[in-house]
Amino acid sequence: PAGIMLGYLLARSGIDVTVLEKHKDFFRDFRGDTIHPSTLQVMDELGLLDELLQIPHSEVRDIRLQTSGQMFHMAQMDRVPGRCKFVAVMPQWDFLNFLAQKAKAFPSFHLLMQSEATDLIRTGGRVTGVWVRTPDGPTEIRADLVVACDGRHSTLRDRAGLPLIDLGAPIDVLWMRVGKRSNEPDQTFGNVAPGGILVAIDRRDYYQCAFVIRKGGFEELHARGIEAFRATVRAIAPFLGDAVDDIRSWDDVKLLTVTVNRLRTWYLPGLLCIGDAAHAMSPVGGVGINLAIQDAVATANLLIPPLRNGTVSEKDLRAVQRRREWPAKATQWLQVQIQNRLFSRVLSASERITLPKFFTLFDRWPFLRRIPAYIIGVGFRPEHVHQKPSTSA
């Protein structure tokens, strides 16, 4: 998402940009499929929002938590700023295809599929391009600036030797699809029970479910068998009922190994890391894609002028990190607190779960739901599009 958005913004301003995608398409399930109000606001500023929302999607306006037979209302999106008072749940491949098609209208935008950046090219102590693996063999691409948007397992970050700060994650997540009854009302919420947490994201025709487990606990679950796993899912989220039988085998369950880390320094001369390559986020809150988009917007705002002049300096790259580092740190701090104080407690519990008292405050005083709604929907230091499109783009 960061790469496509940055590519679009640069090409829109007349900057020649090449985006590399190592796969033949964007079709991968169980990715970040939530588009939060902050990202929808950016799309509105670009004049793309109305067309984007023509793509089939569902809308989450109320985030709830259910435990011990009680339902807690945690966040309501109706008071967040901007046109969209909801989180749009849309397959990430639809979002990426939409942005890519819009970017292709600009002659300076180039998208190379099945092209994987494998190493950095350095000249005189500066990164000046990348080596690329393609179906036709290896090739090189030279550039004034290389931006690593290649995710939490970034190859380019590793090749640069940039040190990571590991914040730790006591959880992993299992993703799966579970069918939805035709007469069932739309509902997206977290389900908490002793020993388990399941988040059900309403995808109109089915639920995309995230089952939170202890770090490294997948092998133990696997050893118990798929039927035992289905029984556990039913116990934690009874409303799913017989639809849990859609989980026919372990092939229907995808493991996400959760990592929370960030770079101490996001750049080298000629290289900048953004998105998960700079700060891998926990799935808590589903905000990773939106931080990546905000990184891309800030990068475009700050770097388009020096890119036009061919004078991108370390000072310019440092400005991007200074702009985006605090939002990443603040978000990760909250995620780590929730992982360590709530998730770890629930996953180790064997008796009835009693949530911290402050959770009840959201039901008692509904206006307090604005706070988590803003943090999830907008985030710390939202970005806005400042650069104007090029008249020749």
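Here is a short walk through a helix pair and the small sheet beside one of its members, as they appear in this predicted model.

Let's start with the two helices. Helix α8 covers residues 288-309, and helix α9 covers residues 314-347. Two packed helices are described by the angle between their axes and the distance between the axes. For α8 and α9, the axes come within 9 Å and cross at roughly 160°. Because angles over 145 degrees count as roughly antiparallel, α8 is roughly antiparallel to α9. The crossing of α8 past α9 is right-handed.

Which residues in α8 and α9 meet? From α8 come L291, Q294, D295, A298, T299, L302, L303 and P306. On the α9 side they meet D316, L317, A319, V320, R323, R324, P327, A328 and T331. Sorted by character, the residues of this contact comprise 10 nonpolar, 3 polar and 4 charged.

Now let's turn to the sheet. Strands of a sheet pair through backbone hydrogen bonds, either parallel or antiparallel. Here, 3 strands form an open sheet in the order β12-β18-β21, and their pairing is antiparallel. The edges are β12 (164-166) and β21 (279-280), each of which pairs on one side only. Strand β18 (residues 261-263) is joined to β21 by 2 bridges. If you look along this pair, you will find R262 opposite H279 in β21.

Finally, helix and sheet come together: α9 packs on the sheet and touches β18 and β21. The direction of α9 makes about 165° with that of β18. Helix α9 thus has contacts with α8 and with strands of the sheet.

Terms used:
Residues numbered from 1 in each chain as written. Predicted model: local features only at pLDDT ≥ 70, side-chain atom pairs only at ≥ 80, totals over all residues. Heavy atoms only, no water. Axes fitted to C-alpha atoms, helices over the stretch in contact; angles between N-to-C directions. Helix = DSSP H or I, 4+ residues; strand = E, 2+ residues; numbered from the N terminus. Parallel < 35°, antiparallel > 145°, perpendicular 65-115°, else oblique. Left-handed = near helix turned anticlockwise from the far one by under 90°. Contact = heavy atoms within 4.5 Å. Nonpolar A, V, L, I, M, F, W, Y, C, P; charged D, E, K, R; others polar. Pairing = 2+ DSSP bridges.
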